[in-house]
Amino acid sequence: MSSGLDLQAARRYSRQIALPEVGSEGQARILAARIALVGHGLAIETAARYLAGAGVCRFRSIVRESHVAHLASIAAEVNLAARTEICPWPFDGTAWGAALEGQTVVLRVGFDDDAMVRAAVRAAVPVVAVRTEATSIDVLSLRRHGPCPHLSLDVPAGLSNATESDPGIAVVAGALAACEALDIVVGRNGPRARHLRLVLAPDQEPLAQDIPWAPECFVCGGNANEAVIPVQASGG
Amino acid sequence: MILEEPVLLVGAGGLGCGAALALAAAGLRHLVVVDDDVVEESNLHRQVLHKDAAIGTTKVRSLAATLAQLYPSVELTPIRTRFDATSAARLMQGCAVLVDASDNFRTKFLCNDAAVLARTPLVHAAVAGLRGQILTVAAGGLPCYRCLFEDLPAADAGVGPPAGPLGPVPGVLGALQGHEALALLRGTPAFVGRLLQYDAGSLTMRSVRLRPNPHCAVCGTRPTISRLDPSSYVAPGCSS
């Protein structure tokens with residue numbers, strides 16, 4: 001596969017291209033990726049900043065309130081080629097499907113939206129979700145659908161966690177989410193469901209584990225053969 | 001919550017940008033940033049506080065300008081100089097925490113020794129490729145960075161090699177440094193004597209508890225380093 005990188009891109013992203021895990025093809029995938037950013041706040045702003053810096057140029061911001069102009073300006077500050085389109089908050093599963101169509105990855109704050117996860121499964125779009133609390137960060141990477149984060153992570157359904165209690169933790173969470181989104185875009189790892197939990201307190205071991213299939217998964221009922229999300233080569 | 005005590009940030013690159021973002025966002029009042037480098041185009045994929053228009057300008061000025069725009073309440077003192085054995089004590093004067101966001105082993109060992117000798121807490125981090133680590137050294141060490149790594153490697157090729165890192169990886173470690181520096185000021189640090197390692201490729205973190213090394217040259221039972229000697233921070237085989 002020819003990467004098709006122009007000289008300016010080859011120069012600007014030379015350090016990433018030199019990484020064996022990325023290379024020219026991986027950088028071309030980053031440049032072609034479309035990333036949906038769901039929610040607002042410092043974590044999602046930080047993720048946008050790092051994704052734009054790494055070369056992502058096309059964002060879709062899906063927010064309940066009118067924070068879109070702010071997010072768009074953050075991405076454009078870091079990457080002059082970055083463009084952010086505005087998408088109002090979808091009101092049902094069908095609208096979520098339309099909002100996520102054509103996206104390479106969905107990155108969102110919070111674990112509380114079944115309709116969004118279902119729509120991402122149907123649209124074959126991997127999901128990276130982050131949640132921050134007073135001293136902890138959870139990153140959930142669903143490269144194929146389910147299991148339902150409410151069930152497997154014991155997160156109460158309907159709990160809204162779009163606001164971060166500690167700005168420093170939100171910055172860490174945003175950068176972590178950007179790393180995972182880029183790893184998906186580059187396509188190094190196959191389908192997987194992964195959970196990372198970091199507690200910023202003494203003697204707290206981080207938790208990093210594959211998420212097992214749950215028979216009670218709200219999408220597939222535990223059928224792992226259903227609706228596997230492929231790792232997409234590019235966002236089109 | 002506004003934190004009044006100044007933090008010294010050594011390095012305005014990938015780690016430094018992440019640390020500065022977290023420090024400023026969380027309410028630090030006064031940040032001193034030291035770096036002698038200028039912004040290059042190949043920095044921009046990871047050093048997200050430097051803009052295209054800043055290429056060719058000093059990193060400390062560029063970082064100060066962006067941070068002033070994002071967080072006007074932060075008093076930032078940019079110092080364009082090299083953090084070395086002759087300037088370290090002067091630069092650290094009055095700072096409550098030292099954040100090592102440098103990209104080479106010489107400066108990392110120097111930051112460790114300077115912090116231990118001055119009894120100033122240190123937050124160390126390093127990145128390479130898709131991986132990184134963070135360690136907090138308490139005032140006076142026990143344990144410190146040198147307890148684990150002992151001395152400069154034979155050839156100081158730099159902690160950040162020509163390849164990589166993946167853009168947000170130094171952002172993760174730098175932001176953790178910023179958060180940890182503020183946690184030190186609040187008295188609630190998470191990584192004192194504990195090395196946290198992160199691998200973005202496998203979405204994995206693990207931590208290792210360190211013990212003080214009785215043979216450590218700076219905080220051991222019979223320390224051989226009692227002052228900062230410039231000749232001690234030259235990798236074997238290097239002329240400078």
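**View 1. A:Gly23, a partly exposed residue in a predicted model.** In this predicted model, A:Gly23 has 15 other C-beta atoms within 10 Å, which makes this glycine partly exposed. The count falls short of the 20 or more that a buried residue needs, and it is above the 12 or fewer of an exposed one. A:Gly23 belongs to helix α3 of chain A, which covers residues 23-32. If you want a landmark for this view, take A:Tyr13: ten residues away from A:Gly23 along the chain, with 9.9 Å between the two C-alpha atoms.

**View 2. Chain A as a whole, with its helices and strands.** Nine helices and eight strands make up the secondary structure of chain A. Of its 236 residues, 52% are buried. Take the contacts in chain A with a separation of 6 or more, and 70% of them turn out to link residues 24 or more positions apart.

**View 3. The open sheet of chain A.** Eight strands line up here in the order β3-β2-β1-β4-β5-β6-β7-β8, and the pairing is mixed. At the edges sit β3 (83-88) and β8 (207-210) of chain A, each with a pairing on one side only. Going from one strand to the next, the twist averages 15 degrees. Helix α9(A) packs on this sheet and touches β1, β4, β5 (127-132) and β6 of chain A. The direction of α9(A) makes about 170 degrees with that of β5(A).

**View 4. Strand β4(A) and the strands it pairs with.** Let's zoom in on this part of the sheet. Strand β1 (residues 34-38) of chain A pairs with strand β4 (residues 105-109) of chain A in the parallel sense, over four bridges. Within that pair, A:Ile35 has A:Val105 as its bridge partner, and A:Val38 stands opposite A:Arg108. β4(A) also pairs with β5(A), again parallel and over four bridges. There, A:Val109 has A:Val130 in β5(A) as its bridge partner.

**View 5. The side chains of β4(A), pointing two ways.** A:Val105, A:Leu107 and A:Val109 point one way from the strand, A:Val106 and A:Arg108 point the other way, and all are buried. Yes, that list of buried residues includes the arginine. With five of its five residues buried, β4(A) is largely enclosed by the rest of the structure.

**View 6. Helix α9(A), end to end.** How far apart should the ends of this helix be? At 1.5 Å a residue, its 20 residues should span 28 Å, and the end C-alpha atoms are 29 Å apart, so the two values agree. Burial is just as easy to read off: 20 of the 20 residues are buried, so α9(A) is largely enclosed by the rest of the structure. Right after the helix comes A:Gly187, with a positive phi near 80 degrees.

**View 7. The side of chain A that touches chain B.** Contacts between the chains involve 45 residues of chain A and 37 residues of chain B. On the chain A side, the elements giving two or more residues are α1 (7-12), α2 (14-17), α4 (42-54), α5 (68-78), β6 (136-142), α9 and β7 (193-199). Which element gives the largest share? That would be α9(A), with twelve residues. Sorted by character, the residues on this side come to 26 nonpolar, seven polar and twelve charged.

**View 8. Helix against helix across the two chains.** Helix α9 (residues 167-186) of chain A packs against helix α1 (residues 14-25) of chain B at an angle of about 145 degrees, with 7 Å between the axes. The crossing of α9(A) and α1(B) is right-handed. From α9(A), the residues in this contact are A:Pro167, A:Gly168, A:Val171, A:Val172 and A:Ala175, and they meet B:Gly18, B:Leu21, B:Ala22 and B:Ala25 of α1(B). Seven of the residues in this contact are nonpolar and two are polar, with no charged ones.

**View 9. Helix α2(B) and what covers it.** Over on chain B, the twelve residues of helix α2 (residues 59-70) should span 16 Å at 1.5 Å a residue, and the end C-alpha atoms are indeed 16 Å apart, so the length agrees. The buried residues of α2(B) are B:Lys59, B:Val60, B:Ser62, B:Leu63, B:Ala64, B:Thr66 and B:Leu67. Among the elements covering them are α1, β2 (30-34) and β3 (75-79) of chain B.

Technical notes: Residues are numbered from 1 along each chain as its sequence is written. Chains are lettered from A and ligands numbered from 1 in the order in which they are written. Axes are lines fitted to C-alpha atoms, for helices over the stretch in contact, and angles run from 0 to 180 degrees between N-to-C directions. A crossing is left-handed if the near helix is turned anticlockwise from the far one by less than a right angle, and right-handed if clockwise. Two residues are in contact if their C-beta atoms, placed from the backbone, lie within 7 Å. Ala, Val, Leu, Ile, Met, Phe, Trp, Tyr, Cys and Pro count as nonpolar, Asp, Glu, Lys and Arg as charged, and the others, Gly among them, as polar. Two strands pair if DSSP finds at least two bridges between them. The expected span of a helix is 1.5 Å times one less than its number of residues.
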